[in-house]
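Me: I'm new to reading protein models, and I'd like to learn how to look at one feature at a time. Could you walk me through this one?

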Amino acid sequence: MAPQQLQMRIEKMQSSDSDLRYMALNDLANDLAKNQLGNQDEQSEAKLTRQVVSLLADKNSEVKNQAVKCLGQLIKVVRSTQMDTTIDQLIEYSGGKDDELRDIAGLALKTVTAELPLEGTVAPRAIQKLVPKLLQQLGSANTPPDALIETLATLTILVTRFPSHVPPQEPMNVLTPLLLHARPAVRKRATTTIASFVPTLSQTELQEFISSTILPGLQPSAPLEKQRTTVHLVAAVARYLASSLSEVVPSVLKGVDKDDEELREAGLQALELLTLRCPSEITPFLPELISTGTTYIKYDPNYAGDDDEDEPMEDEDEDEDEDGGQYSDDEDTSYKIRRSATKLLAAVITTKPAMAEELYSSVAPVLASRFADREPTVRYEVWTALTLLIRQPSPALDTLAPKFLKQLLKTLSPKTAPPAQALTLLNTLLTPDTFDNKLLGGTEEQLFKILVHPEALPTFSLLVKHALPSEDVKQKLVSLMHERHPRVAADAIKAGIELLQKSQDSKLATALQYEARERLKNSSTDAAVRAVCARAIGALFVAKAPYEEEDWELVRRSGAVGVVAGVLKEIKEKEVEIALDKAWLDANIVWAVDLVRKGSSSAKVEAIGCLEALLADSQGEIPESVQTPLIENLTTYISQSDPQLLIKSLELLTFLLRNWPKEWFAPIESQILPRIYPLATCTLLPASLDALRGFLYALSSADEQIASHLVGGLKIAYDKAGTGASNVSKCLGAVVRAQTPIAAGTINEFAKHIKPTTKASQTSLVLCLLTVGEIGRFIDMSNQHEVFDNSLAFFKSDAEEIRNAAAFAVGNIAIGSQERFLPVIVKLVQTDDEKRLLSMNALKEVVSHCSQAHLESIAESLWQPLFDTGSSHEKALNIAASCLGKLTTTNPARFLPPLEARLQDSNPTVRALVVSAMRHMFGFEGVNGLDELLKPFVVVFLGLLDDKDLNVKRLALAALNQAARNKPRLIEDQLPALLPKLYDETTPKPELIRIMEMGPWRHKIDDGLEARRTAYETMYTLLDTSLSKLGLDEFLTIVLRGLSDESNEVKVLCHMMLHRLSQVAPSATSQRLDETVEPLRAAMKEVTMDKNTVKQDLEQAAELQRSALRAAAALNTLSHPGAPKFIAFVESLEKGKLASEFREQKA
């Protein structure tokens, strides 16, 4: 901005016209936001700053507010002299006697502190100037209470945003006396500010604060006001009192028992927060907490009614009229105590899932008895608490459910919508598949009357699965189907579908059909309602309701492919006797074929699946007009561009060839096959390759003559491309497996190049070896021993690719001819040092691909050679462990004891082999009786977590991870003993960190990193498979520590865990939000560029930043009223450089 423009702005700010003053400030704010102020001389800058500050005293409120906005931006760009002057002026205003000026100055100070940039030198300078002034104002006896409150708010913002720049010692000395201020509002704000400083205290300072401020304030002899304030302070700093709970909790409990309602409420709230934020340390006090909660949940001195009365509760207005002569509800605050007691019990339920059975007997009946509490907010908390408990099923629920449902019905009326908490409770109760209809206890009729309401229809649908409503309820449901609101109409029609499937009611079917038909005809119908109406037509069809072709035309017009496929699936699964009309099938086939051509990518995938179901019912018959277009459309999808579409297309073609080869072989061969050859040479996903092999197998089976052409075509395609040997060989194997008569000729064709004198290229030789291996897996080649011998000779090839292909060929040939060739491989493993590793790879092929029956017959002969080789040659250890793990599954009773016997072997390689074999064994599924045999050995094997050898320990961690993923039941009972060992491995070990010098550079190498990363991976796995067995507070502590790990890989794992924890443990995670701020902020910093920065550093920093943003976005979905740092952090993200990326992650 030019100096002349700036001068004009200042002159406008001095105008007598308030509109001009406002516009001048608005223009300045826009310029500051766009960083267009430019470099002004010091005199102009000072003049501008003084003018903006002076406008805080303007008579026009809009001008004053705009001046505040400008100051927030201006403070970032002005020189330190102007910044000091501005802060001094604002402090002076905020302590003045003019109430209006004092308020606006306080707002300006808060805005300035909230807008200070987190990085750079501006904030430290401002803080250095601002904090002493604020403390001086707080320490002055002349400062008005309102000014104290605003100053405390400003100081809270500063310490929340810049904790490292505000040393806590002096502020704490100034703040603590304010806890005794005569004004309650000042005490409350001082409590919040002190709570912001407590996390920055050292352990010594924290203990001093507890012993000098908190414990004396909790003494029974302390003044009542001081006790109240101190209890509020306990609630605010609960997270940091873990080490002093033995003194704090008894004192708070004594305060709760005092005859003072405010102190009692505050005490219960403090106990709730102590339970949530120190769940491990609070455990010894749980009996007292439960007793306190169950006592004060009934606290209602103004009500003489009997808790156990069964009379229905009348409308609240009537209650007020009846009781008006005795007391006024406006004066009755006892409900706050009952509400706080309920939340205390909810905190115990949340943090102690292991105590579920005990809580069902001690807490659940009390909660049920309070379902009809006369205060709505108390009832809602009671319902929420019981919802938390019944999420942990128990046999006790069988007797409890009917009782609390009857109590619940007392408080609900058919005239009004049920509260959200009541619906959540009912949803939780009704959702499990194991729900027994007897739990309703005869309440279903009344429940239906209450739930047939626009807000409760999803819950109504759940109830329909367990009971049927009366006729009048059905009529009310039909009327709701006519609602104009899309959500209500959709929910009502969904409920109607559920009811139709359950009851086969003809009147309901007629009403549902009419409603669905009319809405589908209307082009303005909402998309969600249209989809539900299409589902309704499908449900009516399955229910054998009369239909017209128009109905299905409307479904097809709406593009509801899933409805047609769902109808066919339901008819098959439920064995409904419906004769599908040929015209109906043909119409849907034509429509689905059209969708395959012109639908979206997802619609095409769905349409192909639907076609498969339709053709299965039409016995492969298809209208002639669409057969050619179908093949033409599928031809275009035989490419890598859309893997999902490729897989579904190949699966449909395979289905057609297997079931109706005569009708479909010719068009598929002529149009599809030319696209298959080049596809086989491409890099494919495993699922795509499996689909391709299945297609080639079906095509070869459909015609005896095609197999030889396929072999030749695949070989030519490979010769042209020179890539994809592994895929092409697997495809060739599928062809030969389908037509074994061509096996001999195919083997000869490829074996002629597998000779020492071969002149074939390396790529051609690799294909020949792999193909012979694929065929040898199921063809006995004992009469072609020269192929085996020649393949073996290529173990000495200079090319690694050829050596690996030769090992593959040798191993797979041995599968088809075990007696002839397997002993040769075993002998090489035992005696030939040069060929041992490749021979082990060949043996791995045998063990991996051999049938279970054959594997059992050879296990004994392979066991000892594999064990001896793996335990004496480190390079062969992983291969040997994989084989031993698979062999052990053939006869666990025979092979597990020898493994256990070698656990204490003095050779770490042997121990590593044993635990690695166990890791592979944990990965095998479907072996009968394996888990029961493994269970006694698990603890013994995982004892190697304490091994002194780093590699053995890492492999033991990997084995634990595998067990947690695939066989969590085996380790759940042992987790209390295993978790401390696991958590210990997440701590960096200084003794494992070394410095390596490479010329002028020094590199830090952490030999414990791999074990540490594996430990965090195991924690992530346990989070998915054994959540109920984890102590979430300790688990979160480890995750939060990992956020600051030096390894980016560990940080990313911890970000992933935070994301998952926000979904599966929101309550526990929300208590620790503030602790995530600094490490997440550090992870989002841009990498500092220097001469040694390489592209990989930038990519890693970008990935870490994205990972941290994902975690922050997930955590932001949690409720965080008690996390001021996190709130400020999110606000800074939404305004900062990463705002757009953060919005993307939130979306």
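Reply: Happy to! Let's begin with a single side chain: Glu-1134 has a relative accessible area of 36%, so Glu-1134 is partly exposed. Keep in mind that this is a predicted model.

Me: Which residue forms a salt bridge with Glu-1134?

Reply: Here is the general idea: side chains of opposite charge can pair when their charged atoms come close. In this structure the partner of Glu-1134 is Lys-1146, and their closest N and O atoms are 3.0 Å apart. The two residues sit 12 positions apart, with Glu-1134 in helix α59 (residues 1124-1135) and Lys-1146 in helix α60 (residues 1139-1146), so the pair counts as one that links distant parts of the chain. Lys-1146 is also partly exposed, with a relative accessible area of 38%.

Me: How many salt bridges does the structure hold?

Reply: The structure holds 62 of them. Some share partners: Arg-187, Glu-225, Arg-228, Asp-260 and Glu-262 are joined in this way into one network.

Me: What separates Glu-1078 and Arg-1081 along their helix?

Reply: About one helical turn, because the two are three residues apart in helix α57 (residues 1073-1083). They form a salt bridge whose closest N and O atoms are 3.1 Å apart. Their surroundings can be read from accessibility: Glu-1078 is partly exposed at 38%, while Arg-1081, at 15%, counts as buried. The cut-off behind that last word is 20%, and a residue under it is called buried.

Me: Are Asp-551 and Arg-517 buried or exposed?

Reply: Both Asp-551 and Arg-517 are buried. They form a salt bridge too, with 2.7 Å between the closest N and O atoms. This pair links distant parts of the chain: Asp-551 belongs to helix α29 (residues 549-557) and Arg-517 to helix α27 (residues 506-521), 34 residues apart.

Me: Let's turn to the backbone. What is the phi of Lys-544?

Reply: First the general idea: most residues other than glycine have a negative phi, and most peptide bonds are trans. Lys-544 has a phi near 65°, a positive value in a residue that is not glycine. To find Lys-544, look in the loop between α28 (527-542) and α29. Its relative accessibility is 52%, so Lys-544 counts as exposed.

Another case to look up is Glu-575, whose phi is positive as well, near 55°. Glu-575 lies in the loop between α30 (561-573) and α31 (582-598), and at 67% relative accessibility Glu-575 counts as exposed.

Me: Now the broader view. How many helices and strands are there in the protein?

Reply: There are 60 helices and two strands. The C-alpha atoms fill a box of roughly 105 × 90 × 70 Å along the principal axes. Of the 1147 residues, 53% are buried. You can also ask how far along the chain the contacting residues lie: among contacts with a separation of 6 or more, 72% are between residues 24 or more positions apart.

Me: Which domains does the domain assignment give?

Reply: The assignment gives domain 1 (201-301 + 334-394), domain 2 (405-410 + 422-574) and domain 3 (1065-1146). A plus sign in such a listing joins separate stretches of chain, as in domain 1 and domain 2.

Me: What separates the centres of domain 1 and domain 2, and how many residues from each take part in the contact?

Reply: The centres, taken over C-alpha atoms, are 43 Å apart. Eight residues from domain 1 and eight residues from domain 2 make up the contact. Together the two domains bury about 730 Å², and 78% of that is on carbon and sulfur atoms. On the side of domain 1, Phe-371, Trp-383 and Ile-390 supply 56% of the area buried against domain 2, more than any other three residues.

Me: How many salt bridges cross the interface of domain 1 and domain 2?

Reply: The rule finds zero salt bridges there, and likewise zero residue pairs in polar contact, counting pairs with both residues at pLDDT 80 or more. Helix α20 (residues 376-390) gives four residues to the side of domain 1 that touches domain 2, the largest share of that side. By class, that side has six nonpolar, one polar and one charged residues.

Notes:
Residues numbered from 1 in each chain as written. Heavy atoms only, no water. Domains from an automatic or database assignment. Contact = heavy atoms within 4.5 Å. Buried area = accessible area lost by both parts, 1.4 Å probe. Salt bridge = Lys/Arg side-chain N within 4 Å of Asp/Glu carboxyl O. Polar contact = N/O pair within 3.5 Å; in protein donor to acceptor, adjacent residues only side chain to side chain. Nonpolar A, V, L, I, M, F, W, Y, C, P; charged D, E, K, R; others polar. Buried < 20%, exposed > 50% of the residue type's maximum accessible area, 1.4 Å probe, protein only.
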